[in-house]
Amino acid sequence: MSKSLFRSPRGTRDILAPESTRRHQLVNRFGEIAERSGFGLLESPIFEDVSVFQRIGASTDIVTKELFEFNDKGNPPQRLALRPELTAGVCRAFAQHRPTVPWKVWYHGPQFRYERPQSGRYRQFMQVGAETLGSDDPHADVEMIGLGLSFYEAVGLRRVRLLLNSLGDVESRSAYRYALTRYLQQRSTELTEQSLATLGVNPLRVLDSKRPADQPVISEAPVMTDFLTEESAAHFQEVQDCLDGLDVSYELAPRLVRGLDYYTRTTFEFVTDSLAAAQNAVGGGGRYDGLVESLGGPSTPGIGLALGVDRTLLACEAEGVLAEVSSAVRVFVVDTVGGSQAVGLCDRLRRAGISTDRAFDRRSMKAQMKLADRSEARIAVIVGPDEQSEGVVSVRDLRSHAGQQKIPEADTVKTVKRLLSTLS
RNA sequence: GUAGCCGUAGCUCAGGGGUUAGAGCGCCGGGUUGUGGUCCCGGAGGUCGGGGGUUCAAAUCCCCUCGGCUACCCCA
């Protein structure tokens with residue numbers, strides 16, 4: 001490692017082949033499930049005007065201290081930032097294009113946060129997610145939650161729990177904020193220094209503290225759900241009723257706040273019991289009924305969710321699900337003659353839809369056979385001097401001791417196809 | 001941003017002041033001249049993360065720095 005001059009920047013990594021394939025599968029799986037529910041893929045920019053993200057919230061660490069910001073080369077330059085999450089960009093796109101509502105999109109891609117890396121936490125990380133804009137129907141909330149659950153189910157995770165809360169509308173929230181602030185101030189001597197600081201910025205987030213010393217105060221704090229307006233309470237109740245109707249189990253988590261300031265009403269989080277608490281949040285989401293408007297669009301309700309690909313994979317590993325992907329290669333061409341035969345054979349096999357690999361550099365028969373074995377191909381197609389002079393190739397089943405047969409070179413594709421279908 | 005632990009071959013790790021730094025796995029080659037998976041033999045590959053210091057002598061001790069891990073924080 002000291003030999004290479006450069007390494008991937010802090011908090012980023014190269015994801016090599018078989019793991020990258022698994023991640024790809026995970027993303028595809030999510031996409032299939034989302035499209036089955038009428039969500040269309042949205043590809044949006046990886047960077048935006050920094051103001052787009054600042055709408056996420058002034059007390060959100062993600063925008064106050066974790067943004068990768070830079071100027072472009074314009075005059076005057078535009079202040080840009082790598083996206084730290086995807087919802088803001090989706091809402092910007094909505095405000096820009098004004099699609100007919102409800103607008104249901106899904107997406108995937110990297111996001112960037114300048115923070116201290118540790119396991120399940122990177123400076124560049126992957127999420128898949130979905131948003132429904134233009135409806136505040138509780139059924140949209142339930143559909144969104146269901147989407148997340150279907151995904152975890154599809155990848156085989158069993159130890160995922162759904163935490164559910166409502167943060168209410170503006171009116172409920174300010175009443176609650178007031179009550180909570182008063183309560184926390186009364187007991188401020190019992191709070192940690194850090195929580196006191198948070199209290200000044202965003203009292204709700206004090207509830208997020210994991211510091212043991214804060215827990216007694218937090219556990220006796222007033223809960224949001226007691227402050228919901230009639231309308232918000234009814235909305236929340238409807239969400240719960242629907243979930244009950246679907247036999248979805250969930251836990252009411254009245255102190256679930258989540259770190260993004262834009263959330264209103266329904267909020268939820270998916271946590272796994274197979275990872276440590278620091279990274280047990282594998283996904284989450286909620287309503288953000290004011291976000292589009294704050295980005296200059298029409299007043300538009302919205303709900304979304306984002307699921308962490310990296311953490312989902314960690315959880316899969318911990319639970320031992322999502323089997324190893326097997327080699328895609330079925331045929332390996334061994335050519336010790338070194339002419340253009342291997343090139344032609346590979347080309348024909350591949351054009352016929354058979355995944356095929358080969359050796360390079362004129363290695364010995366033994367070396368090439370080793371590679372063939374390692375490739376996990378089922379069949380080796382061998383060309384040596386004998387075969388070449390006879391105009392044939394040898395075809396060998398690599399997983400039996402049945403020996404090998406010579407066939408006319410021209411029949412290679414036909415024979416290999418037949419063999420593959422009978423062998424496997 | 002705060003705190004603790006850790007950086008030795010591609011990977012997992014021994015060695016914890018004294019001659020040319022080791023193992024297993026992986027990789028390459030060979031085992032009588034064209035055939036893999038087992039076995040046997042051989043080989044390549046490290047300025048011991050980087051820089052500075054202490055010492056006759058540093059992978060080993062000290063400082064700084066970079067990186068990794070863990071917790072807080074934050075969140076996926």
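**Exercise 1. Find the bridge partner of V333 in β14, then describe how β14 is paired and how far it is enclosed.**

Step 1. In this predicted model, V333 has V381 of β14 as its bridge partner.

Step 2. V381 belongs to a pairing in which strand β12 (residues 331-335) runs parallel to β14, joined by five bridges.

Step 3. A second partner of β14 is strand β15 (residues 392-397); here the sense is antiparallel and there are four bridges. Within this pairing, I379 is opposite D397 of β15.

Step 4. Now take burial, for which the cut-off is under 20% relative accessible area. Five of the five residues of β14 (residues 379-383) are buried, so the strand is largely enclosed by the rest of the structure.

Step 5. Check the two faces separately. I379, V381 and V383 are buried on one side, and A380 and I382 are buried on the other, so both faces of β14 are covered.

**Exercise 2. State the strand order of the eight-stranded open sheet and identify its edge strands.**

Step 1. The order of the eight strands is β1-β5-β6-β11-β10-β9-β7-β8, with mixed pairing.

Step 2. β1 and β8 (251-252) are the edge strands, since each pairs on one side only.

Step 3. For one pairing inside the sheet, take β5 and β6: they run antiparallel and are joined by 10 bridges. Q111 stands opposite F125 in β6.

**Exercise 3. Locate E115, decide whether E115 is buried or exposed, and list its contacts.**

Step 1. E115 sits in the loop that lies between β5 (103-112) and β6 (124-133).

Step 2. Its relative accessible area is 16%. Because buried means under 20%, E115 counts as buried.

Step 3. Leaving aside residues up to four places away in sequence, E115 touches E66, R121 and R123.

**Exercise 4. Name the residues of the nonpolar surface patch of about 240 Å² and classify the accessibility of I46.**

Step 1. The patch is made by I46, F47 and F70.

Step 2. I46 is found in the loop between β1 (40-41) and β2 (47-49).

Step 3. With a relative accessible area of 35%, I46 is partly exposed. The value passes the cut-off of over 30% that patch residues need.

**Exercise 5. Give the domains of chain A and the distance between their C-alpha centres.**

Step 1. The domain assignment gives domain 1 as 17-169 + 229-319 and domain 2 as 331-423.

Step 2. The C-alpha centres of domain 1 and domain 2 are 49 Å apart.

How values were computed. Residues numbered from 1 in each chain as written. Chains lettered and ligands numbered in written order. Predicted model: local features only at pLDDT ≥ 70, side-chain atom pairs only at ≥ 80, totals over all residues. Heavy atoms only, no water. Patch = residues over 30% accessible without salt bridge, like charges linked within 9 Å, V, L, I, M, F, W, Y side chains within 5 Å. Areas by Shrake-Rupley, 256 points an atom, 1.4 Å probe, with all protein chains shown as cover. Salt bridge = Lys/Arg side-chain N within 4 Å of Asp/Glu carboxyl O. Helix = DSSP H or I, 4+ residues; strand = E, 2+ residues; numbered from the N terminus. Buried < 20%, exposed > 50% of the residue type's maximum accessible area, 1.4 Å probe, protein only. Domains from an automatic or database assignment. Contact = heavy atoms within 4.5 Å. Pairing = 2+ DSSP bridges.
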